[in-house]
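This report describes one protein model for a reader who has not met it before. It starts with the whole chain and then turns to single parts.

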Amino acid sequence: MSKATDQNGTPVPQRLLAAATRLFAERGYDRTSVQEIVEAAGVTKGALYHYFGSKEDLLQEVYARVLRLQQERLDAFANAEAPVEERLRDAAADVVVTTIDNLDDASIFFRSMHHLSPEKNKQVRVERRRYHERFRALIEEGQRSGVFSSATPADLVVDYHFGSVHHLSTWYRPDGPLSRQEVADHLADLLLRALRP
């Protein structure tokens, strides 16, 4: 029987997620077995099925936990008492930083999303859409108030920025020439320059 926490006090669900994330990143989702995940996490298959139900649930949670974090942070930026330009810039930079901080999770998900059932895929799309809509609302607020140009539809601006974010896993390297914050600042500045009236 597996212990509820390991010697570092890490709960079983986090151990399973950490092991699955590492193995999915190294081997791919389809080439990783449930047995390999539970062995790496030091738990039983029963523990995995107690917390997640299936390997597919683990895959969904790999991405969902990052999206929850990003949604919470975006909501805080959007609700702040600051000019819309500052709130949008902070949110735009933050999504880059949090994606880089969770690069394995993001790359696993985009490589393996097609393994999700249609129902789980729909759930993820709904949550991602919610995030994008909140981000778009900041752009629309700035466009309505004249702070941002409305020459480009807000939907297209959102797609432009998130296209860059979603491709970070294909080129960003921690030991590369730019720090995560420098990349975030550049991409956020590009977004704001595109919106200048």
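How much accessible surface does the protein have, and what percentage of that surface belongs to carbon and sulfur atoms? The accessible surface comes to about 10400 Å², and 50% of that belongs to carbon and sulfur atoms. Accessible areas come from the Shrake-Rupley method with a 1.4 Å probe, and for residues only the protein chains shown count as cover.

The model is predicted: local features need pLDDT of at least 70, side-chain atom pairs count only at pLDDT 80 or more, and totals for chains, interfaces and linings use all residues. Residues are numbered from 1 along each chain as its sequence is written, and side-chain values use heavy atoms, with hydrogens and water left out.

## The whole chain

The protein has 10 helices and 0 strands. Here helices (H or I, at least four residues) and strands (E, at least two) are DSSP runs, numbered from the N terminus. Taken along the principal axes, the C-alpha atoms fill a box of roughly 60 × 40 × 30 Å.

Of the 197 residues in the protein, 45% are buried. Buried means under 20% relative accessible area, exposed means over 50%, and partly exposed lies in between (1.4 Å probe, protein chains only). Among contacts (heavy atoms within 4.5 Å) between residues at least 6 apart in sequence, 68% join residues at least 24 apart.

There are 26 positive and 29 negative side chains, and the centres of the two sets lie 4 Å apart. Lys and Arg count as positive and Asp and Glu as negative, while His and the chain ends are not counted. The place of a charge is taken as NZ of Lys, CZ of Arg, CG of Asp or CD of Glu.

## Annotated regions

Two annotations come from an unreviewed UniProt entry. One is "domain: HTH tetR-type", which covers residues 10–70. Over residues 10–70 the chain is 77% helix and 0% strand, with the end C-alpha atoms 22 Å apart. The other is "DNA-binding region", listed for residues 33–52. The span 33–52 is 75% helix and 0% strand, and its end C-alpha atoms lie 15 Å apart. UniProt positions are given in the numbering used here, feature names are shortened, and annotations may be inferred rather than shown by experiment.

## Helix α2 and the glycine after it

Which residues of helix α2 (residues 34–41) are buried? They are Val-34, Ile-37, Val-38 and Ala-41. These residues lie on the same side of α2 because they cover an arc of only 90 degrees around the axis. The arc is that of the directions from the helix axis to the C-beta atoms. An α-helix has 3.6 residues a turn, so residues three or four places apart point the same way. The buried residues of α2 pack against α1 (12–27), α3 (45–51) and α4 (55–79).

Gly-42 follows α2 and has a positive phi, near 70 degrees. Gly-42 is found in the loop between α2 and α3. With a relative accessible area of 47%, Gly-42 is partly exposed. The C-alpha atoms of Gly-42 and Leu-168 are separated by 32 Å, and the two residues are 126 apart along the chain.

## Four further residues

The table gives the relative accessibility of four residues from other parts of the chain.

| Residue | Relative accessibility | Class |
|---|---|---|
| Ala-92 | 0% | Ala-92 buried |
| Phe-148 | 3% | Phe-148 buried |
| Gln-70 | 6% | Gln-70 buried |
| His-166 | 24% | His-166 partly exposed |

For the contacts of each residue, neighbours up to four places away in sequence are left aside.

Ala-92 lies in helix α5 (residues 84–101). Ala-92 touches Phe-135, His-161, Ala-188 and Leu-191, not counting residues up to four places away in sequence. Ala-92 and Asp-189 are 97 residues apart in sequence and 8.8 Å apart in space, C-alpha to C-alpha.

Phe-148 has its place in the loop between α7 (118–145) and α8 (154–166). The residues that Phe-148 touches include Val-84, Leu-88, Leu-138, Leu-192 and Pro-197.

Gln-70 is placed in helix α4, and is in contact with Val-95, Thr-98, Thr-99 and Tyr-131, leaving aside neighbours within four places in sequence.

His-166 belongs to helix α8. Outside its neighbours within four places in sequence, His-166 is in contact with Phe-110, Arg-128 and His-132.
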